[in-house]
Every structure is written in C-alpha cells, then in structure tokens.
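Let's take a walk through this one, starting with a single chain and working outwards. Have the viewer open as you read.

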2 protein chains.
Amino acid sequence: MVRHSLTAQAAVTLAPAFKALGDPVRLQLLSMIASAPEGEICVCDLTPAFEVSAPTISYHLRTLREAGLVDADRRGTWVYYRIRPGVMRQLATLLAVETPA
Amino acid sequence: MVRHSLTAQAAVTLAPAFKALGDPVRLQLLSMIASAPEGEICVCDLTPAFEVSAPTISYHLRTLREAGLVDADRRGTWVYYRIRPGVMRQLATLLAVETPA
DNA sequence: CGCCTGTCTTGACGTCTGTCGAATCAAACG
DNA sequence: CGTTTGATTCGACAGACGTCAAGACAGGCG
C-alpha cells in the first residue's frame, strides 16, 4: 500500500482550508452550521452564542466562506449559512490517509 | 441521527491542531513524515525539499510538535520525526462527522 | 582536545490576524 | 419616505506569524 506525499501545489491549495479551521470561534461556528437541524442556520442564531461582537462573527463567517467551507444567502432580513461539503470531505480524506493505522 | 455541535472548550482544544496544518510548508512536512517508508524521516531529508531556510523548517517542525501532531528524537547527529496518530485521528473523525452525507 | 556538520534558538523584521467601535448597506414596517 | 433591525464593511490597533541571518548546542571525528 503506497502512501505518497502531497505535492507542494496540493499543499498550497489545501492549507488555507485548514487555516480557516484553525480558530476556535470559526471551528465552533462551522460545527453549529453543520449540525443545524434544517441544514442551515441564521446568523442571528449564531451571534448570541459567542462572547465576541457581531462584526467579529461576520468576519469569521466571511473567512469560512472564502475558504470554501460554507455558503450563505440572504432571504429577506436574515442571512442563512450552510455547509459546503466538497472541501471538507477532501480534508477529512487527507487526514485519514496521512494517519497511520 | 443526532449531530451535536462542539462545545466552546472542545473548539479551543482542537483549533490549534488545525491551525498547525494551516501552512503549506507544514502541511507538506507532515505529509512527508506520514509517508516515510520506515515510519520516520530525518530532518536532513526534509530540509532540501523546500525553498526556505533550515531555521524556518526547524520552526515549522517545532510548531507541528507543539500541536501534538508529530514527535521527534535525536539519534546521534540526526533528528528523526514521526507521526503521532492520536490528534490526527480526532481531526479526521471530527471533519467526517461535520460533513453532511 | 579542536574542528566540522547537522540542528535548534535568538533577535529582528515586515506582514497578516482577530478584535472592536463607528459607519454603511438591505430589507421590512410604520 | 424615515426609522428600526439585522448583517456587513471600514479604520484602527495590539498581538501573533513566517522568514532570515547570526549565533549557540550537540555529536562525531581527526
């Protein structure tokens, strides 16, 4: 069973996604979005769960968006976030492959 | 099937490990260590694979060490690094759980 | 012992990050 | 319309990060 290592280019592509997960607030945000019953959740339900200000939450959500981990759309007054599974699956697979049995 | 979200404390604990993976050089270092044929690899084999200086590689290796992702020991002149599977498995599992089917 | 080679630490530097308050934009509602 | 409420953007700031050159440390070998 061959385990070949990442190319430099693959590392450059994947690292920003891990980086986006590398902040406690973002990790918890992602987790809340992922476990939302309807598959999506309103920012108004996310913000009060944290000690930080609303602009800060907005900044973290944008970071997750730009990393390709979540997607958002506005419906009327509220903005809803949902998981975008593609990149997250890549990360999970990579970690599983790199981890020795 | 219940998917409950991370506690703040779990997020604080896990985020640093993701953060450590959030740099292209570190990600590739980890990958090279993980795919080393003998399960471990000498720093002298890692350093020449990158464009950055040896101190920079040393700094990144320490970061991976402090994140609990790798372990090192010196044998004579050379220092060998190997994967420490525990935390990596946690990360992989977390990502798999958070990713919708 | 004294030197050489491999690795790590230190000091310094520019840049990026996380945070906030204030200002702005978007949409509903009088 | 003007106002209110939710969400984002802007401007600013302290702190952390990634990088390197220079120095320190550790082990082998004359």
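What does the secondary structure of chain A come to? Keep in mind that this is a predicted model. The count for chain A is five helices and three strands. Going along the sequence, you'll meet them in the pattern α-α-β-α-α-β-β-α. As for dimensions, the C-alpha trace of chain A spans about 50 × 25 × 20 Å along its principal axes.

Now look inside chain A, at a pair of its helices. Helix 2 (residues 24–34) of chain A packs with helix 4 of chain A at an angle of about 70°, their axes being 10 Å apart. Angles of 65 to 115 degrees count as roughly perpendicular, so that label fits helix 2 and helix 4 of chain A. The residues that meet are A:Val25, A:Arg26, A:Leu29 and A:Leu30 from helix 2 of chain A, and A:His60, A:Leu61, A:Thr63 and A:Leu64 from helix 4 of chain A. By class, this contact has five nonpolar residues, two polar and one charged.

Next, bring in the second copy. Chain B can be laid on chain A with an RMSD of 0.0 Å, using a turn of 180° and a shift of 0.0 Å along the axis. The two copies are therefore related as by a two-fold rotation axis. Both copies also use the same surface, since 100% of the contact residues of chain B recur in chain A.

How many residues does the contact take from chain B and from chain A? It takes 34 from chain B and 34 from chain A. On the side of chain B that touches chain A, helix 1 (8–21), helix 2 and helix 5 (85–98) of chain B are the elements that give two or more residues. That side of chain B breaks down into 21 nonpolar, eight polar and five charged residues.

Zoom in on one helix pair across the two chains. Helix 1 (residues 8–21) of chain A packs against helix 2 (residues 24–34) of chain B at an angle of about 115°, with the axes 8 Å apart. That makes this pair, helix 1 of chain A and helix 2 of chain B, roughly perpendicular too. The crossing of helix 1 of chain A with helix 2 of chain B is right-handed. From helix 1 of chain A come A:Ala8, A:Ala11, A:Val12, A:Leu14, A:Ala15 and A:Phe18, and they meet B:Pro24, B:Leu27 and B:Gln28 in helix 2 of chain B. The residues of this contact are eight nonpolar, one polar and no charged.

Finally, the DNA. Around DNA strand D there are 24 residues, the closest being A:Cys44, A:Pro55, B:Val52, B:Thr56 and B:Gly76. Helix 3 (43–46), helix 4 (54–66) and strand 3 (78–83) of chain A, plus helix 4 (54–66) of chain B, each supply at least two residues of the surface near DNA strand D. Helix 4 of chain A gives the largest share, six residues. This surface near DNA strand D has 14 nonpolar, eight polar and two charged residues.

Over at DNA strand C, 25 residues surround the strand, and the closest are A:Ser53, A:Thr56, A:Gly76, B:Cys44 and B:Pro55. Here helix 4 of chain A, along with helix 3 (43–46), helix 4 and strand 3 (78–83) of chain B, each supply at least two residues. The largest share of the surface near DNA strand C, six residues, comes from helix 4 of chain B. By class, the surface near DNA strand C has 14 nonpolar, eight polar and three charged residues.

Technical notes
Residues numbered from 1 in each chain as written. Chains lettered and ligands numbered in written order. Predicted model: local features only at pLDDT ≥ 70, side-chain atom pairs only at ≥ 80, totals over all residues. Near = placed C-beta within 6 Å. Helix = DSSP H or I, 4+ residues; strand = E, 2+ residues; numbered from the N terminus. Nonpolar A, V, L, I, M, F, W, Y, C, P; charged D, E, K, R; others polar. Least-squares fit on C-alpha atoms with pLDDT ≥ 70 in both. Contact = placed C-beta atoms within 7 Å. Axes fitted to C-alpha atoms, helices over the stretch in contact; angles between N-to-C directions. Parallel < 35°, antiparallel > 145°, perpendicular 65-115°, else oblique. Left-handed = near helix turned anticlockwise from the far one by under 90°.
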